[in-house]
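Colleague: I should like to talk through this model with you. Could we begin with its contacts?

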Amino acid sequence: MTLPLMQRGLAERLICLHDEIKGDESLAALSRIAVALYDDSTDLLKTFIHSSDGDSPLEHTVARLSELPTLQQLAWTGARRTINDLGAAAEAGQDQAVRLVASGYRSSYTVPIQHKGTFYGFLFFNAFIPNFFTAPVVARLRPYADLIALAVMRELDTVRMMAAAVKVIRSVSSARDEETGSHLARMARYARLIAAKVAPRHDLSDEFVEFVFQFAPLHDVGKVSVPDSILLKPGRLTAEEFEVMKTHVAKGVHIVDLMMQDFGLKSMPHFELLRNIVAYHHEALDGSGYPYGLAGDAIPLEARVAAVADVFDALTSQRPYKPAWTNEDAIALLQEQAGRKFDVACVAALAEDPAAVADIQSRFNETIFD
Ligand SMILES: [Fe+2]
Ligand SMILES: [Fe+2]
């Protein structure tokens, strides 16, 4: 279900544009266009979308920008970089050059994507021949580069605008629950970690991973409709209260649908992904979840990812009625319930990388009950 929708997104438009660019004889040797996005809260630069002749070995890659000094320089200055002899750059140990050369590329042109002081990421152009990016070629590429950068920023701004709208909804409603800043920040990053590991097996792209990350924090938007007396109850909910709590899913779907209509975003390619996360994040593999009781693969992958990320963070966070569990205990519980409640591969992905989990926890460690 997800793949065709994702393919209509930016990634597909990039592939069309790449074809068009290669129709220009002087640009026919342009073999690869790729976009990497930057998350300044974690300093991570992540591969996002690409159009490549042949296999791109440069997918599913995450690196700290601070560990890529020459790219970091470009991010700061906004300068564009041409490397017409990647072989020499690789020998000099320049970041990324080694991997590009290993993939057969011999020249590159790099454009930082930025607007009004916000740095979004990089646009990479590559060719299999050396000295491809001459001054006239770079001049011809410039309008295309601007166009791609604009499309990327527009798409990301749309997502940010929706996130901002949700923030407003939450702040004007009196609802205050555990679903605040740091829970959402951690949960989104666990979701990205999991999505990045399971995506290749499902033939899903980095674009899928990025939008799981962007949309995961909106999973509980419907909780604004749950009364504080239930939302903030410092103990177990009664059966009746739990029934009310469950309505946050349908409410969330309603809110997301309204937002889509009002923002005119019905055609946004990733809308379905957001909606699926909101609608199905409480479903369980064995059909015992709520509100739909879907089972197995009928639960969209993005929702299975979000569920594991959400529960892991809830377990490892302190609540008024419970202490924070250790990561090991939380993983053990998830593993014990993997295959019945939770997706096995999603749990394994989280269990596989305790260092990344700890890094996320150290970056977003505020507890709201302090
Ligand atoms: Fe929820
Ligand atoms: Fe949550």
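Colleague: What share of the contacts with a separation of 6 or more comes from residues 24 or more positions apart?
Modeller: In the protein chain that share is 65%. Two residues are in contact if their C-beta atoms, placed from the backbone, lie within 7 Å.
Colleague: What kind of model is this?
Modeller: The model is predicted, so local features need pLDDT of at least 70 and side-chain atom pairs count only at pLDDT 80 or more, while totals for chains, interfaces and linings use all residues. Residues are numbered from 1 along each chain as its sequence is written, and chains are lettered from A and ligands numbered from 1 in the order in which they are written.
Colleague: What is the mean pLDDT?
Modeller: The mean for the protein chain is 87, and 91% of its residues reach 70 or more; pLDDT is the predictor's confidence in each residue, from 0 to 100.
Colleague: Where does pLDDT stay under 50?
Modeller: It does so over residues 1–7, for which the model has 17 contacts beyond four places in sequence. Where pLDDT is low, the predicted coordinates should not be read in detail.
Colleague: Turning to secondary structure, how many helices and strands are there?
Modeller: The protein chain has 15 helices and six strands. Helices (H or I, at least four residues) and strands (E, at least two) are DSSP runs, numbered from the N terminus.
Colleague: And what box do the C-alpha atoms fill?
Modeller: Taken along the principal axes, the box is roughly 70 × 40 × 35 Å.
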